[in-house]
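This report describes how the parts of a two-chain model meet, first between the chains and then between the domains of each chain.

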Amino acid sequence: MAAKYEDNAAVANFVEYLKIPSVQPNINYDACVTFLQRQAKEIGLSVKIYEVVPRKPIVVLTWPGKEPSLPTVLLNSHMDVVPVFENSWTYPPFSGHIDKDGKIFARGSQDMKCVGIQYLEAIRILKQSGVQLKRTLHVSFVPDEEIGGLDGMKKFVLTNDFKALNIGFALDEGMANPTEEFIIFNGERSIWQLHVNCTGPPGHGSLLIPNTAGEKLRYIIDKFMDFREEQNKILHGDSKLTIGDVTTVNLTQVYGGVQSNVIPEKLTAVFDIRLAVTVNHVQFENRVKRWCEEAGDGVTFEFEQKNPFVECTKTDASNPYWVAFKKATDEMGLKLDIRIFPGGTDSRYIRRVGIPAIGFSPMNNTPVLLHDHDEFLRADIYLKGIDIYVKLLAAVANV
Amino acid sequence: MRGEWVNDPVVQRFREYLKIPSVHPDIDYGDCVVFLKQQANEIGLPVTVYELVPGKPIVVITWTGLQPKDSSILLNSHMDVVPVYEEYWSHPPFEAVITDDGFLYGRGTQDMKGVGMMHLETIRRLKTAGVRLKRTIHMCFVPDEETGGTDGMRKFSESEVFKKLNVGFCLDESMPSSTDALIAFNGERTSRQIKITCKGVPGHGSLLESNTAGEKLHYIVNKFMTLRAEEKKKLDNGAALGEVTTINLTQTEGGVQINVLPENLSVSFDIRIAPEYDHDAFEKMITRWCKEAGDDVIFEYIVKNPEVKNTKIDGTVPFWNVIKTTVEKMGIVINCATCPGATDARYVRRQGVPAIGLSLMTNTLPLLHAHDERIHVQVYKRGIDIMEKIVLAVANV
């Protein structure tokens with residue numbers, strides 16, 4: 001089987017990209033930039049490098065449309081990959097080894113160098129067939145998504161350079177799915193991370209004084225963890241729901257106290273909360289405030305991270321790009337499963353500036369191996385994905 | 001009146017002891033030892049100073065009884081006192097000032113140089129009167145009770161020297177009573193400090209994994225704090241502090257990063273187990289809670305005091321009965337309870353020796369460790385009268 005793919009140029013490009021160890025932390029993106037510049041040249045696309053933060057290049061390849069004044073379509077992917085525990089891999093993680101079943105093994109094969117190359121290969125095919133699309137396509141390759149995108153997409157969307165790209169719609173990453181369905185993400189939950197400080201009178205550990213920090217901490221943990229359990233029940237009570245549909249709460253840190261026989265002045269619990277897209281932010285914050293008030297005097301909370309509410313991208317008739325996307329996938333007979341992304345991707349920054357974005361990685365019938373050992377993508381799935389993008393890009397760029 | 005008290009040698013000796021600033025930290029007990037030796041000489045009793053730990057003398061003054069083979073009576077007191085915030089005192093805390101209305105001010109008047117001096121004055125009085133007691137009396141003056149007694153009564157009670165004293169009964173401190181009734185302590189709660197560590201599989205903070213450390217911690221905190229609330233209810237309904245088990249969440253730690261499910265979260269509790277609690281059952285309950293909380297929830301003791309049974313007040317310990325009878329004959333009510341705090345008596349009881357805490361101070365505002373600690377001279381002198389009768393009774397059992 002492997003031999004079958006050896007002469008396939010699209011597979012070869014993919015493997016070449018996978019071999020670049022653009023792995024966190026402290027990535028040197030030079031090799032990625034050089035590779036992408038060469039791809040642009042081969043395909044016949046213009047290329048621009050934006051360096052909003054030094055050494056954090058954002059590479060944008062552009063294929064002008066017939067009506068370049070129309071809002072454009074952004075095809076986004078990130079160049080970085082997460083670290084590996086090489087000992088746990090069957091094949092070296094930056095080898096792009098293709099086994100006899102046609103599985104291409106490498107870090108980034110699913111998350112998400114595949115998608116970046118698939119965009120390019122689809123455009124290559126479209127260009128070679130002499131097609132010109134109505135809208136301009138911008139293919140962006142960004143750094144540091146895996147560490148939160150702070151020096152990548154988060155900053156880039158706020159620049160005038162980004163505005164000048166005049167983007168009307170974006171595609172970004174989705175996730176593999178072991179079944180025949182393709183998973184589509186149209187939104188993300190809002191990350192709220194907060195510290196709840198419970199204060200009370202200090203005293204000797206042998207007494208039972210009222211209003212202690214410990215009693216208040218107990219109340220707070222109770223409220224948050226009971227809420228967590230409610231959400232867990234909702235999740236497991238409906239087989240249609242996925243983790244992205246509920247609000248998750250996790251107690252991730254606790255600290256406080258000075259000595260084991262002294263009632264402390266302050267105890268703190270830290271929660272990582274991901275607010276479901278249906279949650280009203282003001283109401284939820286009021287609920288947390290109420291819990292703190294009920295816990296007693298001197299219970300306050302502070303945010304370490306508080307993501308704003310971001311509208312989900314519409315997946316109905318009001319979004320013409322979605323209508324075109326859906327029509328194209330229907331014509332190909334693809335089954336879609338629309339979800340809210342469980343974690344965070346760069347799409348949230350794009351949506352935050354008002355641009356509709358869909359997360360889609362054309363990897364059905366594929367085990368979910370992002371961030372895992374032995375991450376792989378079957379070559380036939382990869383190639384099928386290029387065919388899908390050929391139709392999909394034509395559809396969304398001709399809206 | 002004031003002049004009379006100032007010139008009273010009984011009061012003078014007490015004042016002399018109070019003027020020695022044997023106050024924490026870093027106490028030099030030298031002056032206490034000199035003072036006590038002088039007292040022993042005046043009374044005409046032998047004195048032995050044991051120094052199990054250098055600089056931490058234990059002074060034992062012995063009055064041999066008519067039947068020296070019988071178990072002896074130990075009258076124990078500590079020489080150290082807790083620190084003072086002098087600016088809050090109406091009179092300097094180490095000058096033993098007597099006010100016109102008869103109050104003697106000083107750190108240690110209540111806790112517990114006053115009690116130690118009652119012991120000495122009682123023996124002085126009995127010996128001077130030519131009384132002979134059946135049992136041998138050992139008056140013991142120990143260091144460092146206020147800092148836990150580790151280098152004082154704890155070491156002493158575990159020593160061979162202590163065994164040789166053949167103590168059959170011990171009197172130690174209780175606290176002043178603001179009424180006419182006396183307060184006696186026959187036991188203490190058991191102090192234990194534990195740390196419970198909840199382990200879980202690390203993972204991403206955006207998921208709802210099962211068996212997380214956070215869920216386990218939630219379970220544990222709930223169990224302990226629910227028990228605390230139940231015990232607090234008893235206290236609020238009038239139970240004495242010494243009769244309830246106290247629980248306090250004192251420390252928490254754990255977690256590495258705000259968006260990562262932690263491998264470890266831990267919580268520490270300070271627990272004082274009331275004597276009526278079955279201590280083994282208590283420990284089993286904690287073990288069960290840990291199991292119920294989930295896999296890999298373990299607890300360890302930071303401090304684990306052994307269970308020490310209360311000194312029996314049901315008639316099986318004759319010494320208590322005679323104290324009660326003696327006091328009641330004087331028309332005084334005496335109430336016995338479990339001490340809410342900790343005293344050196346626990347070390348004595350740990351050796352199987354019955355011990356009763358008894359600070360004979362009625363109608364006195366308890367000011368142990370507080371500013372303006374004081375005792376009225378008449379209360380002090382009446383305390384000696386009561387102590388004399390008690391010592392006569394217990395030493396002749």
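## Contact between chain A and chain B

In this predicted model, 53 residues of chain A are in contact with 47 residues of chain B, where contact means heavy atoms within 4.5 Å. The area buried between the two chains is about 3,600 Å², and carbon and sulfur atoms give 57% of it. Buried area is the accessible area (1.4 Å probe) that two parts lose on being put together, summed over both. On the side of chain A, Leu208(A), Arg218(A) and Ser260(A) lose the most area to chain B, together 22% of what that side buries.

Residues are numbered from 1 along each chain as its sequence is written, and chains are lettered from A and ligands numbered from 1 in the order in which they are written. Local features of the predicted model need pLDDT of at least 70, side-chain atom pairs count only at pLDDT 80 or more, and totals for chains, interfaces and linings use all residues, while side-chain values use heavy atoms, with hydrogens and water left out.

## Polar and charged links between the chains

Two salt bridges are counted between chain A and chain B; the term denotes a side-chain nitrogen of Lys or Arg within 4 Å of a carboxyl oxygen of Asp or Glu. Arg228(A) forms a salt bridge with Glu215(B), with 3.3 Å between the closest N and O atoms. The interface also holds 23 residue pairs in polar contact (both at pLDDT 80 or more). A polar contact is a pair of N or O atoms within 3.5 Å; within protein, one must be able to donate a hydrogen and the other to accept it, and residues adjacent in sequence count only if both atoms are side-chain atoms.

## Elements at the chain interface

Strands E9 (190–199), E11 (248–256), E12 (262–263) and E13 (266–275) of chain A, together with helix H7 (213–237), each supply at least two residues of the side that touches chain B. Helices (H or I, at least four residues) and strands (E, at least two) are DSSP runs, numbered from the N terminus. H7(A) gives the most to this side, with 13 residues. By class, the side of chain A that touches chain B has 23 nonpolar, 20 polar and 10 charged residues. Here Ala, Val, Leu, Ile, Met, Phe, Trp, Tyr, Cys and Pro count as nonpolar, Asp, Glu, Lys and Arg as charged, and the others, Gly among them, as polar.

E11(A) pairs in the antiparallel sense with strand E10 (residues 246–254) of chain B over three bridges; two strands pair if DSSP finds at least two bridges between them. Tyr255(A) has Glu253(B) as its bridge partner in E10(B).

## Domains of chain A

Chain A is divided into domain 1 (2–188 + 312–397) and domain 2 (191–276 + 278–306), with bounds from an automatic or database domain assignment. Over C-alpha atoms, 38 Å separate the centres of these domains of chain A. About 420 Å² is buried between them, of which carbon and sulfur atoms give 59%. Arg339(A), Ile340(A) and Pro342(A) of domain 1 lose the most area to domain 2, together 73% of what that side buries. Zero salt bridges are counted between the two domains of chain A.

## Domains of chain B

Chain B is divided into domain 1 (2–188 + 310–394) and domain 2 (190–274 + 276–304). Five residues of domain 1 of chain B are in contact with four residues of domain 2 of chain B, and the area buried there is about 330 Å². Between these domains of chain B, the count is one residue pair in polar contact (both at pLDDT 80 or more).
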